[in-house]
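User: I am in my first year and would like a close look at a single part of this protein, namely its aromatic rings and what lies around them. Please take me through that part slowly, and then show me how it sits within the rest of the chain.

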Amino acid sequence: MTQSAKRMLEGYRVLDFTQVLAGPTTTRYMGEMGADVIKVEFAPNGDISRGVPYLRDGRSAYYVQQNRGKKSLCLDLKNPAAAGIIKELIQKVDVLVENYAPGVIGRLGFGYDAVKVLNPKLVMCSISTFGQHGPLANRPGYDFIGCAYSGVLSMIGERNGAPSLPQVGLGDITTGVHALSGITAALLHRERTGEGQFIETSLLDCYFSYNDMTVHTASLSGGDFKPTRNGAHHFAMAPLGVFNGKRNPILLMAAIEYQFGYLCDAMGRSELSKDQRFCNNTQRMAHLEELKQLIQDWFDSLPNDEEAYRRLEEHRVPFAQVLSIEEAMAHPHLREREVVRTVNDRFLGDFDVPGFPIRFSGYERHPEMRAPTLGEHNEAVLRDYLGYPSDRIAQLQREGVLHHGPR
């Protein structure tokens, strides 16, 4: 298909009341797909992620990564004139996204009941830790809080040790993607019916949905089988876990019967697939420590990791090197597919970020985008969206309604 200059969401306008990660992920992906995103930041400091490491000369690479391609409108919302500007903008946009604590957007005057009067076709999305209602709704929360309440955190770490924190923004980013899927579905519904609507999702909602085996296992067994963290190996399937290589740890996944046979062949121990201790998953789990030791002994017997990789590949055994972040960034597969890509920031220079993970045949995947300085687009937004003349914009600046920042 010939690529078009027009991207998938080009022509859609988004008013972005989000900060840090979950909400900015939603609007960043919309921007990657061509939407025009106006990021509303509160004076005097804007999105709190502007202060999140890594910083150089006051500029946050974290902020840059999450907000490339957006326009920054920085307002003092304590001033009634600022609220008036937002109300005017609501009438000009297609989508409003916010990730404040429940009730905050309403107290600012922009809850869904208010904004749908201004723009009945508006699609509004609220993202929070616990959801907009429920016993936990008003508690403060972040990614790891949702992880803990979902039971997911209890499944990470050594069996007899404390749970271990994921060192990446797993919940925030995936919640942002869930929100994106809801928004795009709502926009499709609006195209068909002309109706806007309100969408909400939460970190806890999304985290709980990641329980692929644990919930139904605990429920259906009536408590006889208790899912538990199990360190480097799966709690219910074997062999499925991490073994020591000579250079990198090696993740091995051969719990399906034919895959276990492939592994036995790769090890030169075909007879193990018929051994009563290992003939099915139930037996392998019952003799897990013996099986782990046999596999580790095989890895240890090889001259190097490359020989292990060769044999596993030859026999189609699912495995992976456990790469460090730096090794993953340098991997030729990730580089060729622009899973990791180099971007340029006018203040920070060149650095690597994760690429846009969705590919469309009809347009380029990585258009040039840059992150705004605080309030950089105040004048452009008020002029281009609302038709404000220069003298009125200058007056709003003098009155402190608008705010600018160096980074």
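Analyst: Let us begin with a charged side chain and a ring, keeping in mind throughout that this is a predicted model. Arg50 lies over the face of Tyr63, and the distance from the ring centre is 3.8 Å. A second arrangement of this kind is found at Tyr388, where Arg392 lies over the face of the ring at 3.9 Å from its centre.

From there we can turn to rings that meet other rings. A pair of aromatic rings is described by two things, the distance of the centres and the angle of the planes. In this protein the count of aromatic pairs comes to 13. One of them is formed by Phe130 and Tyr149, whose centres are 5.5 Å apart and whose planes stand at 85° to each other, an arrangement called edge-to-face. Phe130 belongs to the loop between strand S7 (123–128) and helix H6 (143–149), while Tyr149 belongs to helix H6, so the pair ties together parts that are 19 residues apart in sequence. The two partners can also be described by their accessibility: Phe130 counts as buried because its relative accessibility is 8%, under the limit of 20%. Tyr149, with a relative accessible area of 40%, is partly exposed.

The rings of Trp298 and Phe299 offer another geometry, since their centres are 5.0 Å apart and their planes meet at 45°, so this pair is tilted. Both Trp298 and Phe299 are buried.

Ring pairs can also join into a group, and here they link Phe17, Phe42, Tyr100 and Phe110 into a cluster. Two members of that cluster, Phe17 and Phe42, lead us to a pair of strands, because strand S1 covers residues 13–17 and strand S2 covers residues 36–42. Strand S2 has five of its seven residues buried, so it is largely enclosed by the rest of the structure. S1 and S2 pair in the parallel sense, over four bridges, and within this pairing Asp16 has Lys39 of S2 as its bridge partner. Between the two strands the chain passes through helix H1 (residues 22–32), which makes a β-α-β crossover, and this crossover is right-handed. S2 also pairs in the parallel sense with strand S5 (residues 71–75), this time over five bridges. Here Lys39 appears again, standing opposite Ser72 in S5.

Strand S5 also brings us to a cysteine, since Cys74 falls within residues 71–75 and is buried, with a relative accessible area of 0%. Cysteines raise the matter of disulfides, and the structure holds zero of them. Cys206 shows why in one case: the closest cysteine sulfur, in Cys125, is 9.8 Å from its own sulfur, which is too far for a bond. Cys206 is buried as well, with a relative accessibility of 2%.

A few further positions show what lies elsewhere along the chain. Thr217 is found in helix H9 (residues 214–220) and is buried, having a relative accessible area of 15%. When its neighbours within four places in sequence are left aside, Thr217 is in contact with Phe225 and Pro227. Asn248 lies in the loop between strand S9 (240–243) and strand S10 (250–253), yet this loop residue is buried, with a relative accessible area of 4%. Leaving aside the neighbours within four places in sequence, the contacts of Asn248 include Asp305, Tyr309 and Gln321, and also Val322, Leu323 and Glu327. Ala286, in helix H11 (residues 281–286), is by contrast exposed, with a relative accessible area of 57%. Its C-alpha atom is separated by 9.6 Å from that of Ala238, although the two residues are 48 residues apart along the chain.

Finally, we can set these details within the whole. The secondary structure of the protein comes to 17 helices and 13 strands, and the C-alpha atoms fill a box of roughly 85 × 50 × 45 Å along the principal axes. Of the 407 residues, 44% count as buried. Among contacts between residues at least 6 apart in sequence, 68% join residues at least 24 apart.

Key:
Residues numbered from 1 in each chain as written. Predicted model: local features only at pLDDT ≥ 70, side-chain atom pairs only at ≥ 80, totals over all residues. Heavy atoms only, no water. Disulfide = S-S within 2.5 Å. Buried < 20%, exposed > 50% of the residue type's maximum accessible area, 1.4 Å probe, protein only. Phe/Tyr/Trp six-rings, centres within 6.5 Å; stacked < 30°, edge-to-face > 60°. Lys NZ or Arg CZ within 6 Å of the ring centre and 35° of its normal. Contact = heavy atoms within 4.5 Å. Pairing = 2+ DSSP bridges. Right-handed = clockwise from strand over helix to strand, strands pointing away.
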